[in-house]
Amino acid sequence: MSESTNHPQIFCLRLKSAREAKGLSQKKLGILAGIDEFVASTRINRYEKGVHQASIEVAQQLADVLNVPLAYFYTEDDELANLLLHWKQLDQQTKDAILKLIVR
């Protein structure tokens with residue numbers, strides 16, 4: 001993210017990126033996250049455009065559907081965001097080995 005990117009923009013960009021990576025339309029994502037089908041597309045669009053901010057509960061529902069950690073939506077650091085996406089896919093033995101390397 002650039003120096004001028006603010007926290008709400010980070011959420012917007014990461015939400016759109018995760019949705020597109022899963023190949024979901026805004027409407028489909030909204031419906032899968034439990035948003036009424038008649039407003040699902042509009043709500044997701046407004047979250048992605050930054051018109052409205054999702055509550056932490058809605059953000060968690062979106063993260064669950066997109067199979068990303070909630071923290072992915074909020075971290076400023078692109079490398080950390082990438083790590084968060086991959087971390088969820090690692091087995092526990094690999095996670096333990098990585099933690100052993102970095103935590104001293």
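Which side chains meet in a salt bridge with an N to O distance of 2.5 Å? I shall begin with that pair and then turn to the chain as a whole.

The side chains are those of Glu48 and Arg19. A salt bridge here is a side-chain nitrogen of Lys or Arg within 4 Å of a carboxyl oxygen of Asp or Glu. Glu48 belongs to helix α3 and Arg19 to helix α1, so the pair links distant parts of the chain, 29 residues apart. Glu48 is buried, at 10% relative accessible area, and Arg19 is buried as well, at 9%. Buried means under 20% relative accessible area, exposed means over 50%, and partly exposed lies in between, with a 1.4 Å probe and protein chains only.

Please note that this is a predicted model, in which local features need pLDDT of at least 70 and side-chain atom pairs count only at pLDDT 80 or more, while totals for chains, interfaces and linings use all residues. Residues are numbered from 1 along each chain as its sequence is written, and side-chain values use heavy atoms, leaving out hydrogens and water.

By the salt-bridge rule the count is 2. Arg14 and Asp78 also meet through their side chains, at 3.1 Å from N to O. This pair, too, links distant parts of the chain: Arg14 lies in helix α1 and Asp78 in helix α5, residues 78–87, with their positions 64 residues apart. Arg14 is buried, with a relative accessible area of 6%, whereas Asp78 is partly exposed, with 40%.

Let us now consider the overall fold. The protein chain has 6 helices and 0 strands. Helices (H or I, at least four residues) and strands (E, at least two) are DSSP runs, numbered from the N terminus. The C-alpha trace spans about 50 × 30 × 20 Å along its principal axes. Of the 104 residues in the chain, 31% are buried. Among contacts with a separation of 6 or more, 46% are between residues 24 or more positions apart; a contact means heavy atoms within 4.5 Å.

What lies inside? In soluble globular proteins, nonpolar side chains tend to be buried together. A nonpolar core is a set of buried Ala, Val, Leu, Ile, Met, Phe, Trp, Tyr and Cys residues joined through side-chain atoms within 4.5 Å. The largest such core in this model has 20 residues, and Phe11, Leu15, Tyr47, Leu62, Leu66 and Phe73 touch the most other members. Two or more residues come from each of α1 (7–21), α3 (40–49) and α4 (56–66). The largest share, 5 residues, is given by α4. Tyr47 may serve as an example: leaving aside residues up to four places away in sequence, the residues that Tyr47 touches include Phe11, Leu15, Ile35, Val58 and Leu62.

Finally, I turn to the surface. Leu99, Leu101, Ile102 and Val103 make a nonpolar surface patch of about 410 Å². Patches are made of residues with over 30% relative accessible area and no salt bridge; like charges are joined within 9 Å, and nonpolar side chains (Val, Leu, Ile, Met, Phe, Trp, Tyr) within 5 Å. Accessible areas come from the Shrake-Rupley method with a 1.4 Å probe; for residues, only the protein chains shown count as cover. Within the patch, Ile102 is placed in helix α6, residues 92–102, and is exposed, with a relative accessible area of 62%.
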